[in-house]
Amino acid sequence: MSKITETIEYVYRNCPIPGGGYVTGFLYHPKEKDLLYLRTDIGGVYRFDPAGQCWISLVEHVKTTAIDETFPSAIAVDPADPEILYIACGMGDGKDGLLCISHDRGENFTYETIPAPVHGNWPGRSTGQRLIVDPSNSHTLYFASPKSGLLRSRDTGKNWEKLPLPEDYMTLVYVSKNGRTVIAGTAGVTAKKDDVTRGHSLYISYDGGAAFEEMPEPESCGIEGAKMNGLVASRYDTDDRYLYITMNSTGRWNYMTEMGYCCDTGAVMDGRLLRYPLAGGRFRTFEDITPQDPSDAVYETDAAGKPYLRYGMGGISSTSAAPGLLVVSTVSRDTVDDDCVYRSTDYGQTWEKVLQGLHTGNIVFRTEYMRPEYNGERSCIHWLSDSRLNPFDPNECWFNTGTGVFHSADFTAPTVTFTDENKGLEETVHLNVYAPVAGEVQLVDILGDLGGFAFRDADKECSNSFADAEGNRYITCINADLSDTDPDLGIVAARGNWRGKTKGGLIVTKDNYRSFDRIPMCFGLDDKIDRFMHEIEKPNVNPGWVAMSGDGKNVVWSIADGITLPADLVITSPDGGAHFERVRIFMADGSLKTDGLFKAFSDRVKNDVFYGFDETSRFYVSTDCGSSFYEKPLDGEFPVVNFGLIDTINKTEIRAEGGRSGIFYLALGEHGLYKLIYHFEAGRFACRRLTGEQDKVYRMGLGLLREGGDYLQENKAIYLCGEIDGTYGFFRSLDDGQTYQLISNEKQHFGEINSIDGDKRIFGRFFIATGTRGVKLGRSARL
């Protein structure tokens, strides 16, 4: 085992994005003023700090080895005790869910098991509320599980029972103040009428869940081209008079079938807002109070002649501070024009549109990448599946989006203003980080959805992510290769954006990441490559993995098939991407490698040398600028590892040592950390394990060894995330893995860790690409 010689206090902060991901719901405590939580799909739960006007993450303690808490499906509070918070979360199929229980507003948790698979990033994540504390009994919890029915616990999560419903695919649960009335929203999958028609959605119990019956709901329309028809309950709220429920049908652009009932899987249509009177205690009637639009363009007609909206309805909210005041949002309206926020002051009898696009109401984008000039001159808001009024202040309103949250402090004013309010909210998925050796840019950040950022100041937001000359962004980038000799030069493998304004492939910068030029696609090499080139030009398709020589002339592109890098889809260019040819990869016996996987890396010194790593720990070298690779023998024991994966499926990290040829450091998860050296004269690799047999290393990077040092000329500091000598955390080594220093504590884990790199110019500083909490900067507290 490796030795931990000391613990050094480190401080961590975000390089601010902020926002950037899908917030799936809000929850105010009904009796404690200004106590507000939100849940995200992949970034855990946050609590709002009204004094600092910022969001506080409740998952800083989560380790990359157990990230259930980063995927919350539902949150609940106890109306009788504002200190208590419940979170239902999990890793999905094949594993039970997790119930997180806090008695101090999310500062600390204990845990119970939910006997059902749960995942916060599953289709249907935009519905709710799924988790409820019985207002009449604080020990009783109800959970509308995504696939396993309506569950109830009478002992705060220790034991669970499944309630008698004919449906397993749930969307929401409501419990009355006396605990007798229980309403369940379902997706109508278990009880579907046929393969294309959902079953009934709403069920109600008047005896505390002992028996359920169908609750009145409207008849759905038949949407031509939809994979499945039928209304599904999405969101609800209650006030002093009514229960309000929004419902939607699967849209024709939805890519899911049974689970395709929300905006988060493409689109929904036929949106409805229903109002059920609370008087009398029985829900036998409803009124359709869906806001009507004067434009005929937002309606279609089914085969029976019934009109329906071309979009859906999202969050609905009331406030006890102003009876009759409601807010409701639309979803999937961006297929028509722009999503809307509506306001009613008479319990939904009439509606006023207070926000739509850039022309109705006011919307202020303080975060630069959200601004219209970087989004095709349109508002970037979408997926408004929840909207929430403050129960104590009718002027305060929130709505969610797929890129953070927006807030109004004047919701009752004649003209309403919404502003992005995402300080502290960092939930983007970061895939790779690179600290340049020189130049203005301190950090090149490769991430999902937003593509990439080049931070010139690690404390300030970037003006825009990687974009074309018109400001149209690329989305989800996979990796980059930076020149160690020319800081202005870099290459990125990028996806094209959803609207088709940019196309995927390789993009090159020659001005220190201020602008990018897309390398033309190289059609004509063979039919298979042509097919994948055409696929990459479609929106949001993985381009693959790229390596580039330090002078920018030689490029090796491992084209992706999904999240794999097939060996027969590797191409190379000797002229910076002007022309490409197929790469030849030779096995040790001289035969061509035509199957399996292959990922390429550049030498950090020699422009004509590249390296290849395959799916079975075989290593290859090219000395002809990437035209041909030859398998080379390895001296020493080395585990079998698949290096041919990308995106978050890739569970390795490979770092070439700057300033030296043929030296690599490899983080291999349970196999620890290895150093790999290619001896050019002998034509052989040698390897050495830098951690003990029981140690685990998940991600690693290299940085400056000492203050005032020279990164390229001297040995390197190693930064890593893993388990050393039985302790999990972040570590650094200043003696090439002989000893390690622990540089984190139990509240500095940050969820899923996807990449690490050390700063090449500032000693003691390093960067962390998380899949949970944005991109982090760590530095010694002594500095």
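Let's start with what packs over helix α1 in this predicted model: the cover over its buried residues includes the strands β39 (505-509), β42 (555-559), β43 (570-573) and β44 (581-582). The helix itself spans residues 527-536, and the residues it buries are I529, D530, F532, M533 and I536. If you look down the axis of α1, those buried residues fall within an arc of 165°, so they line one face of the helix. The general reason for such a pattern is easy to remember: an α-helix has 3.6 residues a turn, so residues three or four places apart point the same way.

Now turn to the other side of α1, where D527 and R531 are exposed. At the N-terminal end of the helix you will find a cap, D526. One of the side-chain oxygens of D526 lies 3.1 Å from the backbone nitrogen of K528.

Next, let's visit a single residue elsewhere in the chain. H200 sits in the loop between β16 (182-186) and β17 (202-205). Is H200 buried or exposed? Its relative accessible area is 17%, and because buried means under 20%, H200 counts as buried.

What does H200 touch there? Leaving aside residues up to four places away in sequence, its contacts are T186, G188, E214, M215 and E217. Two of these partners also meet the side chain of H200 through polar atoms. With M215, the backbone oxygen lies 2.7 Å from a polar atom of the H200 side chain. With E217, the two side chains are joined by a polar contact of 3.4 Å.

Notes. Residues are numbered from 1 along each chain as its sequence is written. This is a predicted model: local features need pLDDT of at least 70, side-chain atom pairs count only at pLDDT 80 or more; totals for chains, interfaces and linings use all residues. Side-chain values use heavy atoms; hydrogens and water are left out. Helices (H or I, at least four residues) and strands (E, at least two) are DSSP runs, numbered from the N terminus. Buried means under 20% relative accessible area, exposed over 50%, partly exposed in between (1.4 Å probe, protein chains only). A polar contact is a pair of N or O atoms within 3.5 Å; within protein, one must be able to donate a hydrogen and the other to accept it, and residues adjacent in sequence count only if both atoms are side-chain atoms. Contact means heavy atoms within 4.5 Å. The arc is that of the directions from the helix axis to the C-beta atoms.
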